[in-house]
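I sat down today with a new structure and a fresh page. Here is what I looked up, in the order I did it.

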Amino acid sequence: MTISKQQNGKALTLALEGRLDTVTAPELEKELRASTAAIDTLTLDFAKLDYISSAGLRVLLSAHKEMSAKGGLKIQHVNEIVQEVFEVTGFGDILTIE
Amino acid sequence: MTELKVQAAVENIPKVTAFVDGQLEAIDCPMKAQMQIDVAIDELFGNIAHYAYGGASGEAAVQFHFDADTRMISIAFVDSGTPFDPLAQEDPDVTLSAEERGIGGLGIFLVRKTMDQITYKRDNGQNVLTIYKKI
């Protein structure tokens, strides 16, 4: 997985490419740990994300909790596979998906 | 049946995924089903890597089979670790709010929802977990 960062003041966008799974979820976790303290809003762009597993959901849930005290987390450009995972697990009701 | 034997380690998940994807491409598996199977591999092989041998090292086998007549794919995950039936755990409550939410059991639940069938047996001192997907 590759993570591309774009920061605009206190708004951070991370574009993920590849797979968000057991092997790669720690990379996103590390990136978020390094950057969430200094931002107000977080956008995750999933346009180039192939799929997500429960290891990725765990990271999204903790990011959601952390950002909900501030400007929030939103997720953009979700493909059919990722959408299915969100729906089946109930994450579609928790997360803000555009 | 085609088989891959590797150490049950998280860093081998990409190797297992590449092995299965190669088999799926050879039978013209639709991309959506392939992605669902890749997620299932991450959940199931990841579980084995984390828990089967309790911190010690051990081997796991991934056995791929495709029945061309019924178009049924089956993938068996076999380890010789601690007896564990992941199907015995209760489904997670997927209606809870973010604050009440845990992640436990979510992976196997996801696999159940995206595969046609999943079976577990303890056979000859081995855990055999098999997923089935019709394409």
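These entries go from one chain to the interface and then to a pair of helices.

**Entry 1: chain B by itself.** I noted at the start that this is a predicted model. I listed the elements of chain B and found three helices and five strands. Read from the N terminus, they run β-α-α-β-β-α-β-β.

**Entry 2: overall shape of chain B.** I looked up the box that the C-alpha atoms of chain B fill along the principal axes, and it is roughly 45 × 35 × 25 Å. A compact globule with 135 residues would have a radius of gyration near 14 Å, so the 15 Å of chain B agrees. Buried residues account for 33% of chain B. I also checked contacts between residues at least 6 apart in sequence, and 64% of these in chain B join residues at least 24 apart.

**Entry 3: where the chains touch.** How many residues of chain A are in contact with chain B? I found 20, and they meet 20 residues of chain B. On the chain A side, strand 3 (41–52), helix 2 (54–68) and helix 3 each give two or more residues. Helix 2 of chain A gives the most, with seven. By class, that side has nine nonpolar, six polar and five charged residues.

**Entry 4: two helices across the interface.** I then turned to helix 3 of chain A (residues 80–89) and helix 3 of chain B (residues 106–114), whose axes are 10 Å apart. Their angle is about 115 degrees, so the two helices are roughly perpendicular to each other. The crossing is right-handed. A:Val85, A:Val88 and A:Thr89 make the contact with B:Leu106, B:Leu110 and B:Lys113. I sorted the residues of this contact into four nonpolar, one polar and one charged.

Methods:
Residues numbered from 1 in each chain as written. Chains lettered and ligands numbered in written order. Predicted model: local features only at pLDDT ≥ 70, side-chain atom pairs only at ≥ 80, totals over all residues. Axes fitted to C-alpha atoms, helices over the stretch in contact; angles between N-to-C directions. Helix = DSSP H or I, 4+ residues; strand = E, 2+ residues; numbered from the N terminus. Parallel < 35°, antiparallel > 145°, perpendicular 65-115°, else oblique. Left-handed = near helix turned anticlockwise from the far one by under 90°. Contact = placed C-beta atoms within 7 Å. Nonpolar A, V, L, I, M, F, W, Y, C, P; charged D, E, K, R; others polar. Rg over C-alpha atoms; globule rule 2.2 N^0.38 Å. Buried ≥ 20, exposed ≤ 12 C-beta atoms within 10 Å, placed from the backbone.
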